[in-house]
Amino acid sequence: MKNENSLRSTVNMIEGDDTAPGTDSDNIQDEGTEVDKMDMWRMGKQQQLRRNFRFFSIFGFITVLMATWEAQLSGSIFGLINGGTAGLIWTYIGTFAGLMCAIISMAEMASMAPTTGGQYHWVSEFSPPSAQKFLSYLVGWVCVLGWQTGSVLVSFVIASQVQGLAILNYPDTYQPERWHLTPITIAILTACMTFNTLFYRHLPLLETLALVLHITGFFGILIPLWVMGPRPASSREVFFTFTDGGGWGNTGLSCLVGMLSPVFGFLGADSATHMSEELRNASKTLPRAMIITMVLNGTLGFVMLVTFCMILGGFGDGLDDILSTATTQPFIQVFYEVVQNKSGATFMTCIIILTEACGVINNIATSSRQLWAFARDKGVPFSGWFAVVQSKNNLPVNSLIFTYVFAVSVSFISIGSSIAFNVITSLGVAALLSSYIISVGCMAVKRIRGETLLPSHFRLGKMGLPLNLFSFLFLVLSFVMSFFPPTPQPAAEAMNWTVVVYGAVILFSLVYYAIRGRHVYAGPVSYVRKSV
């Protein structure tokens, strides 16, 4: 009874408080639970966005954005070159274990501080006081820019798949050109932006429908592959024959280079945290949604990956023709070879395209909220403009506009230079991994020092430190491997430019921090109320 009375008195203070940064939002205060209001008050934030999401809609949001089983089909070529089918399967298992621990660690932090800021806010609260301001600023920059590149990258992947279908269905009349991908990419981004603005109130419904498509589409593709696909002469070869197609001279190293394929399919579970101020009962719902998503997507992804690898093994000597298909999409060629029907292969591919397009909608939403949150704490240039929330619809419209314009602008670069395009879009994986590393590392340090942790609905207890340390080590390994090219001496077009663009972002953020950032950015911890 005492705790309940304390909670109610805190909520009363919140509803009468005008000191937290943000606009007046009395008309949406009643959309959250009392715990939501207390969390926002403790973090020194006012409720500016509508809490439209519930468990199933946010669960669908994360699940579809990650698109793990879809990624195992569309992004497997990198792992097939480095490690082969056995390398893909076993690095997938290792990646799932490592990132599962990382997501569990972040789920605990999300339960303690359910904020749109996500990683940079956690670093600000949980890192040693002497490093809070600078580290959170740095994480904010890499996280914002990492998410900003995501929507254009996935849209470009979808455009490549659409072009692959055109090549499959019209081999004699369609002449593919790289510039064709740009208008398709822009069309996808425009459609997804429309859902984020004109139809934003229906996003929770869309996420639920997209979740249904994600699951039913999985079986819609899996069953034909199981029933009609070829079988390998030996299953053992699929599971235990490793290859060094990249020419690294070491099979183990080759497999580590190829682990980027499964890592890409598991990134994005943190997206829910960036929507937490639009989620009812966020501190309780967030960790459940994040962990269940990892379990579901991890299971579906593993089944689809093993199925795909078994079918590839069944092609035997014809595997090289599959990998060098004119469609540029090996999985499309596999669909066609299995069903022996262009319409069937097209239908199966369209399932993947639709789910990935829903993922772009979610990516735009996540990117804009992350930018808006960081601007709210004055972490970027023109923060006042980016931090505006339109009172009519309670949307960070300016941040949404920038996210769309940035993605469209980057898509034009691919016309003039595929290298420059790859330089920009390669940032996402390394940026998100580094934000995970610092966040989890700060929590591990806090535990090692024996410091008191914030109360939360989801706690790791004695397993916290082992999980934090294991995930930290795995994330560091993944981060290092994300800088490796597919082969030891690649041509400029095939080079992994992540290290270049990542370094450039860090340098720019440091320069801005020295000139202006350190004078205006105090970090989220400066707004936090130490007691309630």
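**Close-ups: loops, core, rings and patch**

**View 1. K378 sits in the loop between α17 (342-376) and α18 (383-386).** Helices here are DSSP runs of H or I with at least four residues, strands are E runs of at least two, and both are numbered from the N terminus. This is a predicted model, where local features need pLDDT of at least 70 and side-chain atom pairs count only at pLDDT 80 or more, while totals for chains, interfaces and linings use all residues. Residue numbers start from 1 along each chain as its sequence is written, and side-chain values use heavy atoms, leaving out hydrogens and water. K378 isn't a glycine, yet its phi is positive, near 65°. With a relative accessible area of 41%, K378 is partly exposed (buried is under 20%, exposed over 50%, partly exposed in between, with a 1.4 Å probe and protein chains only).

**View 2. N394 is another non-glycine residue with a positive phi, about 55°.** Look for N394 in the loop between α18 and α19 (397-416). N394 has just 8% relative accessibility, so it counts as buried.

**View 3. T63 is tucked into helix α3 (residues 55-66).** T63 is buried because its relative accessibility is 0%. Setting aside neighbours within four places in sequence, T63 is in contact (heavy atoms within 4.5 Å) with L211, H214, T293, L296 and N297.

**View 4. W69 is one of the residues with the most contacts inside the largest nonpolar core.** The other names on that list are L73, I221 and F335, and the core runs to 146 residues. Helix α14 (residues 282-315) is the top contributor to this core, giving 16 residues. A nonpolar core is a set of buried Ala, Val, Leu, Ile, Met, Phe, Trp, Tyr and Cys residues joined through side-chain atoms within 4.5 Å. Skip the neighbours within four places in sequence, and W69 is in contact with H214, G217, F218, I221, L300, G301, M304, I351 and I352.

**View 5. Here are two of the 27 aromatic pairs in the model.** Phe, Tyr and Trp rings (six-membered ring for Trp) pair if their centres lie within 6.5 Å; planes under 30 degrees apart are stacked, over 60 edge-to-face, and the rest tilted. F55 and F56 have ring centres 5.3 Å apart and planes at 75°, so they make an edge-to-face pair. F55 is buried at 16% relative accessible area, whereas F56 is exposed at 56%. F96 and F266 make a tilted pair, because their planes are at 45°, with centres 5.7 Å apart. F96 belongs to helix α6 (residues 84-112) and F266 to helix α13 (residues 260-266), so this pair ties together parts 170 residues apart in sequence. F96 is partly exposed at 25%, and F266 is buried at 1%.

**View 6. One aromatic cluster takes in Y120, F134, Y137, W141, F374, F508, Y512, Y513 and Y521.**

**View 7. I215, F219, I223, W226, V227 and M228 make a nonpolar surface patch.** Together they have about 600 Å² of accessible area (Shrake-Rupley, 1.4 Å probe, only the protein chains shown counting as cover for residues). Patch residues have over 30% relative accessible area and no salt bridge; like charges are joined within 9 Å and nonpolar side chains (Val, Leu, Ile, Met, Phe, Trp, Tyr) within 5 Å. A salt bridge is a Lys or Arg side-chain nitrogen within 4 Å of an Asp or Glu carboxyl oxygen. I215 lies in helix α10 (residues 203-228) and is partly exposed, at 31% relative accessibility.
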